[in-house]
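Reader: Hi, please walk me through this one. I'll throw short questions at you as I look.

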Amino acid sequence: MRSLRGRLTIWLLVGMGLLLTAGGLVLSRVISSQLRRDYDAALIAKAESLETLTEEQGDKVWLEFSDKIMPEFERRENPDYFQLWRRNGPVLERSRSLGTRDLPRSGGRLDRPVLSDLVLPDGRRGRRVEISFHPRSEDLDEEERKGRQGSSSDETADGPTATLTVAQSREDLDALLASVQVTLTLVVLGLLGGTALLVKAVVGIALSPLDALARQLAGMDAHSLSQKAPEAADAPAELVPVIHHLNELLARLEASFARERSFSANLAHELRTPLAELRAVTDVALKWPEDSASTSVSLEEIRAIGLQMETVVANLLALARWDAKDRPLQTSEVPLRELAASCWTAVSPEAEAKGMAFHLEVPDGLTIVADREKLALILSNLFANAVAYGSPGCPVTCSAAAAGDGFALGVRNSTADLGPQDLPRLFDRFWRKDAARSDGRHSGLGLALVAALCDSLALRKEARLDGDCFEITLSGPSSSFLHRTAARVEGSR
Amino acid sequence: MRLLLIEDSARLRATLERGLRKAGYAVDAAADGREGLWLATENEYDVIVLDLMLPEIDGLTVLRTLREKGRTTHVLILSAKDMVDDRVQGLRLGADDYLVKPFSFDELCARLEALVRRSYRAKSPVIRIGDLDINTAARQVWYAGREVNLTPREYGLLEILVLRAGEVVSRQDLWEHLYEFDSEAASNVVDVLVYSLRKKLDPGSSQSLIRTRRGEGYMIDAREP
């Protein structure tokens, strides 16, 4: 059974059933034993009563019995029975109810009353007690009689001289015992039924917070993730960590959905703008096809738009590829100074046009172990970003040095556009300071690509803004830094 | 007709400027909200084409400011924002039309023509005054049963006079509706255009369709000439 409620109910019911059944059985046994003991004690008392009525004088033994005193031995229906023998001798007396029939006798000398079940002469189930004794003798004084009663048979010269068996029906006892068992069985069954109801109610109450949680979760969708599960003070202790972790998961999901929505909206806008340009350019060109000069301009624009869309798509594909982390690293020793200089050449024409000088502050000997292609992509994007958004006339600086057990690589430029509030969003996809996104040459994917590449290279990235000075620093672990170059680094400073 | 195009995308702005000029409009263009608001405040335009996501001052703020200043120029919002809420917000702030990017250039022209007609309270694109028939949608002119081929400027001048038939339109007013803000056209260019138009419309007629009000401007009588 997979249901927690079902499991709890079943196991609690089985457990309670076993306990109640065992309790009922023990109680039944105790009550039955007590009833049997009382019954046997009463039977023995009845035999002892008859014993006191037995007298001996010389060789004669007789029973001073009166049906007025003990009428149960005389009645016609359901009578009791007794029979008196001289020890190992003839029958001395029978109850009238017995007639000429005999009761079973063990014979021999009995040290204590012997009890056994039997079938009564009238066919009923019965129980008998057989005792041996010395009848009361009028020839003996009280002292002698007590001495004869108290001494064992072996110590007495002649031993008990009479044997008495008393038998009576045990059907009342059996009926009482059956009644007790039925009553106990009914009580146990009733308790089991009550327990079942109680268990169901208790389990229902105990698991109601789970039901409430399930209802709330069932009503949630991508648009209602902000409705967190309540971490109420009265929530069960077992559920508190579950709710807490669930809320953390929901928060992550919500952030993820928000990022996804923002990504989709930005992507749509990124593609919609060039599409709008494309359509407008083609519509205008087609409307006046005879204007060859205009058509030529339109074709140039169409080509530029195509290249822009190609860049966006290429960046998106690169992001998806680096995000998937399914490409193995091609690590090699990478001299940082040479790599930085190589990457700068791609942006140097634009930098020169904006009057931006390049300061390369990377020691000659500084070499790291990394994927050269990825590191080159990172540097190219950082340089392109610095040139595109840096203040015209201000330099772009690339520096690298040993830092602790690893290394630090930074690209610094001056900018007047950024504020501290922009730093947390710098690496978001499609984020651009200019909400209007007027500049069609940039899509806001460069730094997102840098972030994905840093993740795949296990590089830590940090963006800092100090006044107008903006710097992105990448730091690597000792495993990717060649310590043997440290001396050369220090030496080259 | 004179338009103001406020669009930050340089490529789209240049294309629309080129296309709209070819369609006969005088087009002033601005690349950001601040410049656009200044031009809209300083000049009279028949229609303003306004992008929403603009640098400096966003399009909705430009629109709100214009309306607060009492400028009733028709505004057509041209935006990539396509949600109903965006359109509702733009229209409630006082825009007269909303077109989502990407768009058809012909549709943009048709909507601009509709807004121009609304400016002059004309319901139909076909206007008839006496022997003159002018289709403002097809930008075609017939006079006395024959089609008249006009240059875009000539057509623009005739359209203004027809849409404002019965009203004297000053030379300055005509100039402002026909030429851009930074145009270097001479001040007598309107007179030259009127002369050219008269020659094409009614070369042999002693009484011109376009009448001169000395010292005031030009007009077309709303009744038959």
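Reader: Which residues does α6(A) use to meet α8(A)?

Author: From α6(A) come Leu339(A), Ala340(A), Cys343(A) and Trp344(A). They meet Arg372(A), Leu375(A), Ala376(A), Leu379(A), Ser380(A) and Phe383(A) of α8(A). A contact here has C-beta atoms, placed from the backbone, within 7 Å. Helices are DSSP runs of H or I with at least four residues, strands are E runs of at least two, and both are numbered from the N terminus.

Reader: Before I go on, what kind of model is this?

Author: This is a predicted model, where local features need pLDDT of at least 70 and side-chain atom pairs count only at pLDDT 80 or more, while totals for chains, interfaces and linings use all residues. Residues are numbered from 1 along each chain as its sequence is written, with chains lettered from A and ligands numbered from 1 in the order in which they are written.

Reader: Thanks. Back to α6(A) and α8(A): how do the residues of that contact divide by class?

Author: Eight are nonpolar, one is polar and one is charged. Nonpolar covers Ala, Val, Leu, Ile, Met, Phe, Trp, Tyr, Cys and Pro; charged covers Asp, Glu, Lys and Arg; the others, Gly among them, are polar.

Reader: And at what angle do the axes of α6 and α8 of chain A cross?

Author: Roughly 50 degrees, with the axes of α6 (336-344) and α8 (372-389) coming within 9 Å. Axes are lines fitted to C-alpha atoms, for helices over the stretch in contact, and angles run from 0 to 180 degrees between N-to-C directions. The two helices α6(A) and α8(A) are therefore oblique to each other. Under 35 degrees counts as roughly parallel, over 145 as roughly antiparallel, 65 to 115 as roughly perpendicular, and the rest as oblique.

Reader: Is the way α6(A) passes α8(A) left-handed or right-handed?

Author: α6(A) makes a right-handed crossing with α8(A). Right-handed means the near helix is turned clockwise from the far one by less than a right angle, and left-handed means anticlockwise.

Reader: Over to chain B, then. How do α2(B) and α3(B) sit?

Author: The axes of α2 (33-42) and α3 (59-68) of chain B come within 10 Å and cross at roughly 20 degrees. That makes α2(B) roughly parallel to α3(B). This crossing of α2(B) and α3(B) is right-handed too.

Reader: Which residues make the contact of α2(B) with α3(B)?

Author: Gly33(B), Gly36(B), Leu37(B) and Ala40(B) come from α2(B), while α3(B) supplies Gly59(B), Thr61(B), Val62(B), Thr65(B) and Leu66(B). By class, the contact has four nonpolar, five polar and no charged residues.

Reader: What about α5(B), how far does that helix reach?

Author: α5(B) covers residues 105-119 and reaches 21 Å from its first C-alpha to its last. That is close to the 21 Å expected for its 15 residues, taking 1.5 Å times one less than the number of residues.

Reader: Which of its residues are buried?

Author: In α5(B) they are Phe105(B), Leu108(B), Arg111(B), Leu112(B), Glu113(B), Leu115(B) and Val116(B). Buried means 20 or more other C-beta atoms within 10 Å of the residue's own, exposed means 12 or fewer, and partly exposed is in between, with C-beta atoms placed from the backbone.

Reader: Anything odd in the backbone around there?

Author: After α5(B) comes Arg121(B), with a positive phi near 55 degrees. In the loop between β5 (97-100) and α5 of chain B is Pro102(B). A cis peptide bond joins Lys101(B) to Pro102(B), with omega about -5 degrees.

Reader: And where is Glu56(B)?

Author: Glu56(B) is in the loop between β3 (47-50) and α3 of chain B. Glu56(B) is not a glycine, yet has a positive phi of about 70 degrees. Glu56(B) counts as partly exposed because 17 C-beta neighbours lie inside 10 Å.

Reader: Last topic: how many residues does each chain give to the contact between A and B?

Author: Chain B gives 19 residues and chain A gives 22. On the chain B side, α1 (10-22) and α5 are the elements giving two or more residues. The largest share, seven residues, comes from α1(B). That side of chain B has nine nonpolar, four polar and six charged residues.

Terms used:
Contact = placed C-beta atoms within 7 Å.
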